[in-house]
Amino acid sequence: MLSSGALAENGARFTLAELQRIAGRVIALSQADETEIEIDSTTDALTRFANNTIHQNVADHTLSISVRAVVDGRTARATTNKTDDESLRRVVAAAATLARHQPENPDLLPMLGPQKYQKVARYFDATAAENPMDRARAVTRVCKMAEKKKQTAAGIFASGSHQSVLANSKGLFASHQYTDAEFSVTILEEKSSGWAKSGSPDIRDIHPDELAESASNKAIASRNPRVLEPGHYTAILEPSAVLDIVGSLFLDFSGTSILDKRSCLNDRMGKQLFGENVTLWDDVYHPYQLGSPYDGEGLPRQKILLVDRGVPKNLVYSRTTAKKMKAKPTGHGLPLPNEYGEAPMNLVFSGGDKSVEDMIRSTERGILVTRVWYIREVDPYEKILTGMTRDGTFLIENGRIAAGIRNFRFNQSVIEMLSNVEMLGPAVRAAGEESFEMVVPAMKVGNFHFSEVTKF
Amino acid sequence: MMLDWAALGIETAKLRGASYADARVMDTRQREIATKNGEVGNLLESESLGIGIRVIASGAWGFASTDRLTREGVQACAAQAINIAKASALAKRENVALAPEETYVDTWQNPFVKDPFRIPVERQIDLLLRADKEILAVKGVTLAEGSMSFRKIDQLFVSSTGSVIHQIKMQSGAGIAATSFGDSEIQKRSYPNSFGGQHALQGYELIESLDLVGNAPRIAEEAVALHSAAQCPEGTSTIILGGSQLGLQIHESIGHPIELDRVLGQEANFAGMSFLTLEKLRKLKYGSDIVNVVADARLEHGPGLGTFAYDDEGVPAQCTPIITNGLFTGYLSNRETAATIGETRSNGTMRTENWNRLPIIRMTNISINPGTWKYDDLIADTDDAILMETNRSWSIDDRRYQFQFSTEIGWEIKGGKKGRMIKNPSYSGITTEFWNSCDAICSREYWTLWGTPNCGKGQPMQTMGTGHGASPTRFRNIKVGVAFAK
């Protein structure tokens with residue numbers, strides 16, 4: 001057990017009980033009508049390598065004490081990372097002062113009382129115990145593997161542990177602790193590269209050597225890339241590529257986005273928007289998912305069916321948005337005050353039973369995409385996204401990988417893409433770089449628009 | 001106290017075997033305000049204080065940070081940095097070497113007129129709500145948004161070689177936006193720039209200079225008018241880019257590829273590498289003869305988000321010629337990468353987001369020098385073109401060759417006159433081909449040092465503010481309209 005404020009080599013600075021005591025102190029100090037406090041204590045470490053050597057290696061311990069005060073129907077937030085009494089008094093006073101100096105908010109609801117939460121097990125001692133030497137040894141193996149093959153490795157090996165509590169003056173108390181680990185690797189050759197990444201709360205699920213081997217094989221398979229004309233192709237998107245594209249949809253399912261008329265689902269709810277093989281849930285309790293079982297106000301999160309066989313069926317709502325839209329809150333509210341309302345942060349796509357190999361075998365001519373990069377929204381209503389392929393893009397001919405190809409830019413409507421899904425793989429926990437982790441399958445998609453080609 | 005903590009961190013690191021150590025104590029204060037459709041959205045004040053200690057031990061790097069600013073906490077942090085460095089040494093190929101640098105004892109604060117934290121928050125909210133009201137008064141507008149943010153950074157840098165540098169930076173920023181949903185499309189106009197407006201190393205005087213309320217009706221009317229505007233054609237065209245859009249073009253297609261850590265492969269796994277391999281220095285024709293670009297962190301360049309007196313490894317602010325009469329002439333370096341490529345000195349671009357992040361090479365103010373054209377003369381001299389203003393989307397490959405940008409609004413230029421409005425403008429190209437097609441740059445009176453507050457790089461990710469001076473500029477034979485091509 002750690003003593004108060006003690007700094008472990010690689011573990012929690014505060015226990016949950018200690019965070020609860022700080023929360024109690026803050027609430028006792030507050031003179032506001034209502035007071036809410038969220039405390040997060042984080043320990044993160046990341047070993048970074050490139051050119052087959054470790055070039056950056058960092059660790060940080062941070063604390064955030066965030067206080068929301070309600071005064072005369074107005075609310076505001078102040079945050080500090082200092083735990084002495086004077087700083088706690090100051091942060092409480094700052095939240096109340098900010099709250100007072102604004103117009104009354106007619107939509108503001110009273111804070112919640114005590115709630116019951118479903119348990120989620122997302123803290124693993126093995127992850128919390130990971131240390132710099134463990135990470136360095138794994139990275140050294142990967143670098144030596146790359147050197148042996150005359151390749152160059154770059155990537156990260158990261159781990160962290162987090163404790164958070166949410167409490168308010170109405171008696172609500174919620175807590176969540178979790179760990180996370182991530183290994184990501186790019187293997188480079190002179191004119192090609194390959195990439196692989198994996199993330200999990202349990203570091204024992206992560207296998208750096210296998211990931212590096214996979215990235216290495218992609219770099220070998222994409223040597224001497226051909227130049228292919230841009231155009232519409234059948235695309236086989238590995239889960240990471242699917243994640244970073246469909247991840248752009250999450251805010252569209254927010255009730256507030258509908259009210260603000262900035263969702264691509266405005267005027268489209270209940271209509272056949274995607275293919276019948278597309279079903280989408282938000283489910284924080286899914287075994288592959290991450291996150292706390294409560295939202296920014298402490299309301300329990302619910303599992304919500306967002307898309308049923310291609311038809312957008314439901315949105316998610318904070319308490320305030322639900323009242324405005326005459327719906328029931330779903331436990332997806334963001335911490336108040338905010339202008340975005342709510343968001344589904346735990347998307348789970350239904351999958352299929354086809355492997356990527358099945359998809360390749362069934363394709364006469366198409367493109368296999370390992371990873372996409374720099375995704376940006378070109379048209380918010382048609383949901384046209386642009387981006388690049390990266391680190392392993394291949395031409396498929398007659399059911400086989402024929403060659404590596406130079407990377408493409410794409411301009412593709414996500415709505416059209418999800419209407420053209422020809423095959424689905426099993427849904428897996430996918431890790432990308434443009435979106436938070438979700439549960440998505442590999443997809444074979446018809447008529448994918450690759451608009452331009454780059455020089456490598 | 002800041003000096004005591006930093007000195008203790010350095011001393012502990014040295015005692016535990018560091019051959020070099022530096023420490024950054026940073027005390028930051030922020031205020032964020034957002035309004036939407038006549039109501040206050042986000043309203044937040046935050047503060048954060050902590051120390052980051054970077055060491056070289058056993059010839060390798062280690063970094064640790066903590067907000068536990070006690071004797072025990074700082075010593076533990078320094079010890080952890082040493083342990084991490086020793087772990088790094090397991091995968092070491094050679095000892096870290098740094099380009100030499102003088103030691104400095106100095107204090108600096110950027111000039112500003114009005115401390116934004118002393119301006120009553122109700123006055124700041126009122127300004128945004130007045131702009132909101134003006135936007136919502138225009139029929140067809142479905143969403144009005146406004147935001148302000150202020151950040152004060154009080155930081156002390158101490159190194160084992162004797163530097164003690166205290167800097168205080170005050171940043172301010174604000175912007176408004178009008179969105180219109182109709183005819184199955186969403187159109188948006190922002191002022192003075194998209195994605196949060198204009199940001200600079202200034203006080204509240206920046207906000208007062210923007211005239212948010214005065215510009216609100218115009219952007220609202222433009223957002224609605226875009227629904228009935230002509231679609232940007234697909235093909236090849238002359239384009240004229242407004243200053244803020246050119247600023248982002250510089251950021252993506254010059255600022256990032258000149259980062260020496262990218263060039264040397266250190267960012268290969270995430271941000272990517274660069275087409276500007278070392279043999280191209282002082283040989284590559286990056287742009288046309290009129291293109292001159294500098295990386296200038298000095299205050300005399302202006303109050304940009306990349307302005308400081310010293311970078312975060314204690315190197316003084318400098319002005320580095322990046323493109324000189326079209327020729328590629330310089331990278332952004334730090335002490336380590338400068339030594340790697342045989343330069344005698346870093347050009348001072350190491351920057352960190354906060355005390356808990358390792359400094360990495362970042363853009364400072366990457367600006368194109370003004371040209372000679374009056375804006376009206378440039379339009380009059382253009383027979384057939386599309387004028388594009390205010391960024392809507394941006395994307396570029398991981399070696400910074402191929403890019404695609406779209407803007408919120410465009411106008412046809414026909415026969416030397418600004419004509420009808422164009423919606424959904426976009427253009428794309430290859431970096432060096434694009435800059436070599438530049439044939440006219442507007443003069444100093446149209447030049448603005450734009451602030452980009454949201455540049456992401458590094459693992460763990462760090463968000464940094466950068467500056468980009470630019471004026472309206474013309475390019476020939478550019479591919480347009482690809483983003484919306486079927």
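This short talk goes through a predicted model of a complex, taking chain B, the contact between chains A and B, and a few individual residues in turn.

A word on conventions before I begin. Residues are numbered from 1 along each chain as its sequence is written, and chains are lettered from A, with ligands numbered from 1, in the order in which they are written. Because this is a predicted model, local features need a pLDDT of at least 70 and side-chain atom pairs count only at pLDDT 80 or more, whereas totals for chains, interfaces and linings use all residues.

On confidence, the predictor gives the complex an ipTM of 0.96 and a pTM of 0.97. For chain B the mean pLDDT, the predictor's confidence in each residue from 0 to 100, is 98, and 100% of the residues reach 70 or more.

Turning to chain B as a whole, its secondary structure comes to 10 helices and 24 strands, where helices (H or I, at least four residues) and strands (E, at least two) are DSSP runs numbered from the N terminus. The C-alpha trace spans about 70 × 55 × 40 Å along its principal axes. The radius of gyration, taken over C-alpha atoms, can be set against a globule rule of 2.2 Å times the number of residues to the power 0.38; for 486 residues a compact globule would have a value near 23 Å, and chain B, with 24 Å, agrees. Buried residues, meaning those with 20 or more other C-beta atoms within 10 Å of their own (exposed is 12 or fewer, partly exposed in between, with C-beta atoms placed from the backbone), make up 63% of the 486 residues in chain B.

Within chain B, I would point to an open sheet of 4 strands in the order 13-12-11-16, with antiparallel pairing, two strands being paired if DSSP finds at least two bridges between them. Its edges are strand 13 (327-328) and strand 16 (366-368), each pairing on one side only. Strand 11 (residues 293-296) and strand 12 (residues 319-324) are joined over 4 bridges, and here Val293(B) stands opposite Ile323(B).

Now the contact between the chains, where two residues are in contact if their C-beta atoms, placed from the backbone, lie within 7 Å. Chain A brings 76 residues and chain B brings 70 residues. On the side of chain A, strand 2 (residues 53-71) gives the most, with 11 residues. Strand pairing also crosses between the chains: strand 3 (residues 74-80) of chain A runs parallel to strand 2 (residues 39-57) of chain B, with 3 bridges, and Arg77(A) stands opposite Leu44(B).

Finally, some backbone details. Most residues other than glycine have a negative phi, and most peptide bonds are trans. The peptide bond from Leu336(A) to Pro337(A) is cis, with omega near -10 degrees, and Pro337(A) lies in the loop between helix 8 (319-324) and strand 11 (347-349) of chain A. Another cis bond joins Gln459(B) and Pro460(B), with omega about 0 degrees, in the case of Pro460(B) within the loop between strand 22 (448-457) and strand 23 (462-470) of chain B.

As for phi, Tyr374(A) has a positive value of about 55 degrees; this residue belongs to strand 12 (residues 365-379) of chain A and is buried, because 22 other C-beta atoms lie within 10 Å. Asn477(B), in strand 24 (residues 473-480) of chain B, likewise has a positive phi, near 55 degrees, but counts as exposed, with 12 C-beta neighbours inside 10 Å.
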